[in-house]
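Biologist: Could you walk me through this one? I have it open and would like to go through the sheets first and the helices afterwards.

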Amino acid sequence: APTSRVTLGGVSVDLDNMAAYNAQGEEIHFTPTEFAMLTYLMKNAARAVPRSELLPAVWGIDHNPATRVADDTLKRIRRKLVGSRLSIDTVWGYGFKIREI
C-alpha cells in the first residue's frame with residue numbers, strides 16, 4: 001500500500017512511519033510532538049493555523065493563552081529545518097503559518 005506522504009519546501013513527511021526527510025532524502029529526527037505539530041501545519045499549509053486549534057490537535061489540551069508549549073516546540077522544529085526551503089512564521093496574537101521559501 002502506498003504510504004501517505006506530505007511534501008512541502010523539499011521536506012517530506014511519511015505519516016505512516018512518522019519519519020521526515022529533507023530534499024536530499026536524509027532523515028530529519030523529530031520527537032513525536034514535533035512531528036505532530038509539523039505535519040499538522042503542513043497539512044494546513046494553505047492557511048494560518050490558530051493556536052486555539054493547534055493545542056487541542058497536537059497536545060490534546062484546551063487553549064491556554066499562557067502556555068508556551070507551541071512556541072518551544074516550534075523553536076526546536078525551526079532549528080531542525082535549517083537548510084530546508086520550509087519556513088514557519090509566527091502570526092502574532094493568532095498562530096502559525098508554514099510556507100515554502
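Modeller: A word on pairing before we start: two strands count as paired if DSSP finds at least two bridges between them. Please also keep in mind that this is a predicted model.

Biologist: Fine. How many bridges pair β5 with β7, and in which sense?

Modeller: Strand β5, residues 49–50, pairs with β7 in the antiparallel sense over two bridges, and because two bridges are what a pairing needs at least, the pair counts. Within it, P50 stands opposite G95 in β7.

Biologist: And what stands opposite G95 on the β6 side?

Modeller: That is V91, which stands opposite G95 in β7. Strands β6 and β7 pair in the antiparallel sense over six bridges, and they form a hairpin with three residues between them, where G93 in the turn has a positive phi of about 75 degrees.

Biologist: While we are on β6, is S87 buried or exposed?

Modeller: S87, which is found in strand β6 (residues 86–91), has a relative accessibility of 15% and therefore counts as buried, the cut-off being under 20%. Leaving out residues up to four places away in sequence, S87 touches K97, I98, R99 and I101.

Biologist: Now the other sheet, please. What is the strand order there?

Modeller: Four strands form an open sheet in the order β1-β2-β3-β4, and the pairing is antiparallel. β1 (5–8) and β4 (27–28) stand at the edges with a single partner strand each, so one side of each is left without a neighbour in the sheet.

Biologist: How many bridges join β1 to β2, and what lies between them?

Modeller: Four bridges join β1 to β2, which run antiparallel, and these two strands form a hairpin with two residues between them, with G9 in the turn having a positive phi of about 60 degrees. T7 has S12 in β2 as its bridge partner, and S12 in turn has Y21 in β3 as a bridge partner. The pairing of β2 (residues 11–14) with β3 (residues 19–21) is antiparallel as well and has three bridges.

Biologist: Which way do the side chains of β1 point?

Modeller: They alternate along the strand: V6 and L8 point to one face and are buried, whereas R5 and T7 point to the other and are not.

Biologist: What about the loops in that sheet; which non-glycine has a positive phi?

Modeller: M18 has a positive phi of about 50 degrees although it is not a glycine. M18 lies in the loop between β2 and β3 and, at 46% relative accessibility, counts as partly exposed. In the loop between β3 and β4 you will find G25, which is partly exposed with a relative accessible area of 47%. The C-alpha atoms of G25 and S12 are separated by 8.5 Å, the two residues being 13 apart along the chain.

Biologist: On to the helices. Where does α1 lie?

Modeller: Helix α1 (residues 32–43) lies across β1, β2 and β3 and runs at about 110 degrees to β2. With α3, the axis of α1 comes within 10 Å and crosses at roughly 85 degrees, so α1 and α3 are roughly perpendicular to each other. The contact is made by T33, E34, M37 and L38 of α1 together with A70, T73, L74, R76, I77 and K80 of α3; by class, it has five nonpolar, two polar and three charged residues.

Biologist: And how do α2 and α3 pack?

Modeller: They pack at an angle of about 75 degrees, with their axes 11 Å apart, and α2 and α3 are therefore roughly perpendicular to each other. R51, L55 and W59 of α2 meet V69, A70, D71 and T73 of α3, and the residues of this contact divide into four nonpolar, one polar and two charged.

Biologist: Last topic, the nonpolar core: which residues have the most contacts inside the largest one?

Modeller: The largest nonpolar core has 25 residues, and those with the most contacts inside it are M37, L38, I88 and I98. At least two residues each are supplied by β1, β2, α1, α2 (51–59), α3 (69–80), β6 and β7 (95–100), with α1 giving the most, five residues. As for I88, leaving aside its neighbours within four places in sequence, its contacts include L38, L41, L74, I77, F96 and I98.

Methods
Residues numbered from 1 in each chain as written. Predicted model: local features only at pLDDT ≥ 70, side-chain atom pairs only at ≥ 80, totals over all residues. Heavy atoms only, no water. Contact = heavy atoms within 4.5 Å. Axes fitted to C-alpha atoms, helices over the stretch in contact; angles between N-to-C directions. Buried < 20%, exposed > 50% of the residue type's maximum accessible area, 1.4 Å probe, protein only. Core = buried A, V, L, I, M, F, W, Y, C linked by side-chain atoms within 4.5 Å. Parallel < 35°, antiparallel > 145°, perpendicular 65-115°, else oblique. Nonpolar A, V, L, I, M, F, W, Y, C, P; charged D, E, K, R; others polar.
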